[in-house]
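Dear colleague,

I am handing over the structure we spoke about, and below it you will find what came out of going through it. Please read the notes with the coordinates open beside you.

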Amino acid sequence: MPNCNTSTLPIVLFDMDGTLLDLSFDDFIWNQCLPERHAKVHQCSLQQSHETLSEFYQQHKHTLSWYSSDYWTAKVGVDVLKLQQEFQHKIQPRPGCFELLEQLQEQGYRCWLVTNADQPSLKLKLENVALRPYFEVIVSSQQLGFAKEDIGFWQALQQLHGFNPTQVILVDDTAQVLEGAKRFGIEQLITITQPSSLKPERDPSTLNYPAIANLIELLSFLAQFYVKDVDVKTA
Ligand SMILES: [Mg+2]
């Protein structure tokens, strides 16, 4: 492994849910648990509950409200944070998560966690999966007042932490987020073929960005991107 001059390394920005963590937890909470609880609370059929919630989901997808536990708790009359706490044992990392983070740490990469999870959900996830030690910066879109799909998120992040968009790489499973980042000027964008282990793997040829399955595959992308800039020394 070559020794690289760490000042030329990009900052690696990671999404959390569906990228570092298995989205199966969120799928389970939002598509199974919440409809069941919602049906119970409002004494309607499970099908009615699915229909009501799916209408809400369509209206609010990719907005800051969509990611807010408080918003959903008020909107649907079920304590969504409590629901997540009840099933927190299901929060799991995606394949290669810790192997990759260990490697990046060893190689001197700076890593930032940039998530649309609201602050209480972020806290819960970090209590269950020990990601914190690997990250220099951890930011929730709730703190910045914009969802990551919005260019405003990236502008606010830059104001807060200062970075050059051409010297970062973003790994995120959501196309709309990658598009927002691209509009802001981030050029190096990577997506995930299988955000949720409960759903089939997506065909990379249908995705608009280079895609990885196991997170460890990111290392070869990093090597390609920065091959010209790194100062390779012989051991
Ligand atoms: Mg995600």
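Strands β4 and β5 run parallel and are joined by three bridges, and within this pair V171 has I190 in β5 as its bridge partner. Strands and helices here are DSSP runs numbered from the N terminus, with E over at least two residues for a strand and H or I over at least four residues for a helix, and two strands are said to pair if DSSP finds at least two bridges between them.

Before the rest, a word on the source. This is a predicted model, in which local features need pLDDT of at least 70 and side-chain atom pairs count only at pLDDT 80 or more, while totals for chains, interfaces and linings use all residues. Residues are numbered from 1 along each chain as its sequence is written, and side-chain values use heavy atoms, with hydrogens and water left out.

The sheet

The β4-β5 pair belongs to an open sheet of six strands in the order β3-β2-β1-β4-β5-β6, with parallel pairing. Its edge strands are β3 (137-140) and β6, each of which pairs on one side only. In general, the strands of a sheet pair through backbone hydrogen bonds, either parallel or antiparallel.

Strand β1 pairs in the parallel sense with β2 (residues 110-115) over four bridges, and in that pairing I11 stands opposite R110 in β2. Four bridges also join β1 to β4, again running parallel, with V12 opposite I169 in β4. In a regular strand the side chains alternate between the two faces of the sheet. In β1 both faces are covered, since I11 and L13 on one side and V12 and F14 on the other are all buried, where buried means under 20% relative accessible area, exposed over 50% and partly exposed in between (1.4 Å probe, protein chains only).

Helices

Two helices lie across the sheet strands. Helix α6 (residues 119-128) lies across β2 and β3 and runs at about 140° to β3, whereas helix α8 (residues 151-161) lies across β1, β2, β3 and β4, running at about 140° to β2. For these angles, axes are lines fitted to C-alpha atoms, for helices over the stretch in contact, and the angles run from 0 to 180 degrees between N-to-C directions; contact itself means heavy atoms within 4.5 Å.

Helix α5 (residues 97-106) packs with helix α10 (residues 218-225) at an angle of about 35°, their axes being 10 Å apart. The residues that meet there are L100, Q103 and L104 from α5 and L218, L219 and L222 from α10. By class, this contact has five nonpolar residues, one polar and no charged ones, with Ala, Val, Leu, Ile, Met, Phe, Trp, Tyr, Cys and Pro counted as nonpolar, Asp, Glu, Lys and Arg as charged, and the others, Gly among them, as polar.

The magnesium ion

Which residues give the protein donors of the magnesium ion? They are D15 (OD), D17 (O) and D173 (OD), lying 2.1 to 2.2 Å from the ion. The pair D17 and D173 links distant parts of the chain, 156 residues apart, with D17 in the loop between β1 (11-14) and α1 (24-42) and D173 in the loop between β4 (168-171) and α9 (175-184). D17 is buried at a relative accessible area of 14%, and D173 is buried too, at 7%. Donors are N, O and S atoms within 2.8 Å of the metal (3.2 Å for Na, K and Ca), and water is not among the atoms, so sites may look incomplete.

Loops and cysteines

S196 sits in the loop between β5 (188-192) and β6 (211-212) and is buried at 4% relative accessibility. Apart from its neighbours within four places in sequence, S196 is in contact with D22, L23, S24 and D27.

Two residues other than glycine have a positive phi: Q43, at about 50°, and H62, near 70°. Q43, in the loop between α1 and α2 (46-60), is exposed with a relative accessible area of 74%, while H62, in the loop between α2 and α3 (69-76), is partly exposed at 25%.

Finally, the structure holds zero disulfides, a disulfide being a pair of cysteine sulfur atoms within 2.5 Å. C33 is in no disulfide, because the nearest cysteine sulfur, that of C44, is 15 Å away, too far for a bond. C33 is buried at 4% relative accessible area, whereas C44 is partly exposed at 22%.

With best regards
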